[in-house]
Structure formats: structure tokens, C-alpha cells
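Welcome! Please take a moment to look over the sequence and the model below, and then read on for a short guided tour.

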Amino acid sequence: PPPGRLQPSATHVMGEVRVPLSSVKLKPLHWAKIAPPAIAKTMFVRERLYAMEEALHTLPTTELEQQFCQKKLVPKSDSGASEGISSDGSAGGPPGASRAPGSVTILDGQRKQNIAIVLRALKLSNEAIREGVLALDDKILALDSLRKLVAVLPPPEELESVMAFDDDVVLLSPEDRFCRVLCDIPGLSQRLSSWIFKLSFEASCEEVLPPLVALSSGARDLLSCPHFKTLLGMVLCVGNFLNGSAQASHQSRLVHGFRLQSLLKLADIKAAEGGGSHAAAQPSLLDFLVEWTARDFPALLQFPKGLSTVHEAAKNSTTNAKQSVQALRTQVAAIQRSLVGYNPCGESDLYATKMTPFVEKAAQRVKELEHQLSEVQQALEGVCAAFGEDLSSFQSEEFFGDVSKFLSLWNSAVQRREAEAAKLERKRTATTLRHQVVLTKKEPL
């Protein structure tokens with residue numbers, strides 16, 4: 001088409017973009033593109049800035065072609081021709097001679113700096129990094145190096161701008177050249193993500209397994225501890241007695257059970273001043289229960305020892321465990337999809353060779369974790385049923401956390417009782433010794 005003719009570009013629902021067509025090849029402007037979902041809300045579309053008639057009809061195309069063409073244009077006048085002066089005033093010579101190697105930067109400034117830091121730390125050539133990525137060679141790129149590399153890689157739209165540069169690549173900065181070397185690997189993002197997953201898979205499984213074991217053990221012990229069941233009956237008896245005392249309709253105030261979070265309130269109910277057997281002022285209802293247990297049910301006094309797993313269960317969450325297992329499943333599925341119909345980009349591309357056997361084993365391991373998670377969920381359903389918890393809103397860390405706090409409160413109350421008993425024993429011993437001394441002094445010589 002002749003110069004100046006309007007050439008249709010991509011057509012969008014918001015309207016057609018029209019631009020003049022140049023008669024020569026011009027230096028490109030590498031856009032930082034706006035993502036398609038966001039462009040419709042911008043001023044460019046709302047104000048139809050992409051279709052300004054005034055700009056289209058007054059665009060100085062001839063001057064643009066003279067000043068920003070990729071090849072030198074021979075000026076019409078003879079002035080400066082013998083000295084090889086181009087129309088933009090730069091020295092003549094081959095294309096790109098007016099710019100020093102490494103002087104062109106397309107990447108975002110901060111990202112360019114971050115890439116430079118990582119490349120200095122890796123101490124590898126661009127080609128060596130590329131070969132390491134193709135071969136999934138962790139001797140070239142270890143897990144820590146891979147994570148640093150992924151953290152600084154540009155987003156797809158920025159990579160497109162780098163790859164679109166069609167001048168001499170020597171002009172690009174070292175960081176831009178690195179991106180060009182690495183980013184023409186097909187499916188680079190998925191490849192790096194899969195490789196990191198492969199190298200960290202065993203550690204990830206080891207992180208998921210302990211919470212599942214802790215939750216399962218805590219639920220099992222809580223359901224099977226006979227001394228704890230007896231204690232709950234004692235608490236229920238005391239509570240019903242307190243609530244139904246001196247009430248005309250006391251039967252309506254009696255309950256058949258209570259949520260375990262109520263156990264924490266035992267320490268808050270204080271005896272009247274001067275009440276209880278403790279010398280300390282105002283012992284709590286919890287102290288009363290400990291005293292009652294020590295006197296009539298001494299075998300129950302150390303019942304928290306049978307529930308030691310509850311403390312570890314309180315540190316873990318079924319929601320987090322479920323999310324962790326699901327994340328592993330999602331990663332495995334992504335790798336499986338990436339291997340369907342995969343075409344290596346050369347003999348050095350070992351992605352399918354190394355990932356296929358790995359993902360088979362990983363899928364089996366994830367299936368085992370899912371089975372363990374299912375068993376934990378069944379155990380917790382049993383806990384909810386046993387202790388009257390609402391399964392739909394059940395939070396394992398809160399439930400076990402309340403029980404764990406109660407066990408600690410109970411142990412503290414037992415220790416206070418033992419300390420008080422030891423103190424009384426010392427007093428009795430001292431009193432006995434004084435009596436013996438007095439009797440010795442009264443004996444005749």
C-alpha cells in the first residue's frame with residue numbers, strides 16, 4: 001500500500017484501531033502492554049483515544065520515516081554526504097553503529113537489576129543456564145538457584161517485548177540478552193515450576209505428613225482415654241449440681257453434656273472467701289475438682305499423660321493439611337498435562353525423560369497422602385459426633401487448642417496442690433520436732 005494509507009490493526013469489540021502504514025522499516029517501540037481484560041476499563045477505550053481523527057490526519061509520517069528508520073536514508077542535499085552523516089545527525093556506518101553494544105534496555109529497570117544480581121551469583125554463562133534448564137540438571141542449577149531465577153523472570157508480556165526486538169541483539173543489555181536466550185525454551189514457566197516441584201517434592205511430603213499424624217493421634221487418644229471420660233462425667237455432675245441448686249425449676253437447668261471449651265471456665269469460677277482447703281485465697285472450681293479427684297479417684301490425677309498428643313494436634317489445622325495435599329495434587333496434574341504430546345526442542349531437552357518416571361511415583365505418593373487425609377477427616381468426624389461439635393464449622397486447631405489449655409490448667413492445679421501439701425507436711429514436721437524438743441527439756445536428769 002502507498003505511504004500514508006490507513007492500515008487496520010487488531011479489531012476489538014470496543015472499536016477498530018487504524019494507523020498509517022510506513023514505506024520503510026522503522027525502529028520499534030516496545031510497548032508494556034495492558035492485559036486484554038483490563039484494557040476495556042482504561043481511558044484509552046473510554047475516551048476512544050485509539051481513534052483520534054486529529055492525530056491520524058496530522059501525523060508527520062515523512063519526518064518519522066526520515067528520523068526513525070532502521071537504515072540510513074541518503075539526504076537530498078549534498079551537505080555532509082562525503083562525511084557519511086545520516087539524516088538523524090549520527091555518524092555513518094553499518095546499522096546500529098550509532099549505539100554502543102549493551103546500550104538498549106527493554107526490561108523494567110528494577111527487574112533488570114534483580115536479574116543482574118542473580119546472574120552474578122550463579123556465575124554461569126547464558127548458554128550454560130539454558131542447557132541446565134533443558135536437561136533439568138540440578139548440578140548446574142540447584143533448588144535455591146532455581147527459586148532465585150524464577151523470582152526475577154519477567155512476566156509474559158515483558159518477555160514478548162524482549163523477544164520482539166529485531167535489531168542486532170548485541171545492542172541489548174546483558175540482562176535482556178539472557179532473557180532472549182532462556183525464554184525461547186517452550187513452556188519455560190511450566191518447566192521451571194515442574195523442576196522446582198520435583199526437587200522439593202520429598203521435603204513437601206515430609207511437611208504434610210506430621211500434621212496428619214498429629215491430628216489422627218490426637219483424635220484417637222481423646223476418644224479412647226478412659227480417665228478423661230470419667231473426668232468429664234465428674235465435671236458434668238459438678239456443673240449440674242451448681243446450676244440446679246436452689247432452683248424451683250432446677251430440672252430444666254440440667255444438661256446431658258457440654259462442649260469441651262467449657263472446661264476452661266472451671267478455672268474462672270472462684271470459691272467464696274475463706275472457702276476450700278487451700279491456704280491460698282479463693283481457690284477455683286478447678287482446684288476443687290483436683291482435690292476431689294486426689295481424694296476419691298487418685299488414678300485419674302495424672303490423666304493428661306494419656307493425652308500428650310493433643311498438644312501437638314492443637315498446633316495443626318485440617319484446613320492447612322487439606323490445602324497442602326491439594327497443592328501437591330494440582331502440581332502433579334499440571335505436570336501430567338504438560339507431558340501429553342510433549343515435543344522436545346532438541347536432543348538436550350530431557351524434560352519428558354526425567355519428568356515421566358518422577359510424576360508416576362509422585363502421583364502414587366500423593367494418593368497415599370490423600371488416603372491418610374481421608375482417615376484424619378473420618379477421625380475428626382468421630383470427634384465431632386462424640387463431643388457435640390458442628391462438623392460444618394469445626395476448626396480442629398481451636399478444638400484441640402481448648403483441650404490443650406485445659407490439660408495445662410489441670411497440671412498447674414495439681415502442682416499447686418502438691419506444693420501446698422508439701423508445705424503443710426513441712427509445717428507438721430517442724431511442729432513435731434518442736435514438741436519433741438520441749439518434751440526432752442522436761443525430762444528429769
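**What surrounds helix 5**

Helix 6 (126–135), helix 7 (143–152) and helix 9 (174–183) are among the elements that cover the buried residues of helix 5. Keep in mind that this is a predicted model. We will stay with helix 5 for a moment, then step back to the whole chain, and finish with two loop residues.

**Helix 5 up close**

- Which residues of helix 5 are buried? They are Ile115, Ala116, Val118, Leu119 and Leu122.
- A general point helps when reading such a list: an α-helix has 3.6 residues a turn, so residues three or four places apart point the same way.
- Helix 5 covers residues 109–122, and at 1.5 Å a residue its 14 residues should span 20 Å. The C-alpha atoms at its ends are 20 Å apart, so the two values agree.
- The N-terminal end of helix 5 is capped by aspartate 108, which places a side-chain oxygen 3.1 Å from the backbone nitrogen of glutamine 110.
- Just after helix 5 comes lysine 123, with a positive phi of about 55 degrees.

**The chain as a whole**

- You will find 16 helices and two strands in the protein chain.
- The protein chain has 445 residues, and 32% of them are buried.
- About 26,900 Å² of the protein chain is exposed, with carbon and sulfur atoms supplying 56% of that area.
- Taking contacts between residues at least 6 apart in sequence, 72% join residues at least 24 apart.

**Glutamate 389, a loop residue**

- Look for glutamate 389 in the loop that runs between helix 15 (351–387) and helix 16 (396–442).
- Is glutamate 389 buried or exposed? Its relative accessible area is 13%, which is under the 20% cut-off, so glutamate 389 counts as buried.
- The side chains of glutamate 389 and arginine 259 make a polar contact at 2.8 Å.
- Leaving aside residues up to four places away in sequence, glutamate 389 touches Arg259, Leu260, Cys384, Phe394 and Phe399.

**Asparagine 343, another loop residue**

- Asparagine 343 sits in the loop between helix 14 (318–339) and helix 15.
- Asparagine 343 has a relative accessibility of 61%, which is over the 50% cut-off, so this residue counts as exposed.
- How many residues separate asparagine 343 from proline 186 in sequence? They are 157 residues apart in sequence, while their C-alpha atoms are 9.2 Å apart in space.

Terms used
Residues are numbered from 1 along each chain as its sequence is written. This is a predicted model: local features need pLDDT of at least 70, side-chain atom pairs count only at pLDDT 80 or more; totals for chains, interfaces and linings use all residues. Side-chain values use heavy atoms; hydrogens and water are left out. Helices (H or I, at least four residues) and strands (E, at least two) are DSSP runs, numbered from the N terminus. Buried means under 20% relative accessible area, exposed over 50%, partly exposed in between (1.4 Å probe, protein chains only). A polar contact is a pair of N or O atoms within 3.5 Å; within protein, one must be able to donate a hydrogen and the other to accept it, and residues adjacent in sequence count only if both atoms are side-chain atoms. Contact means heavy atoms within 4.5 Å. Accessible areas come from the Shrake-Rupley method with a 1.4 Å probe; for residues, only the protein chains shown count as cover. The expected span of a helix is 1.5 Å times one less than its number of residues.
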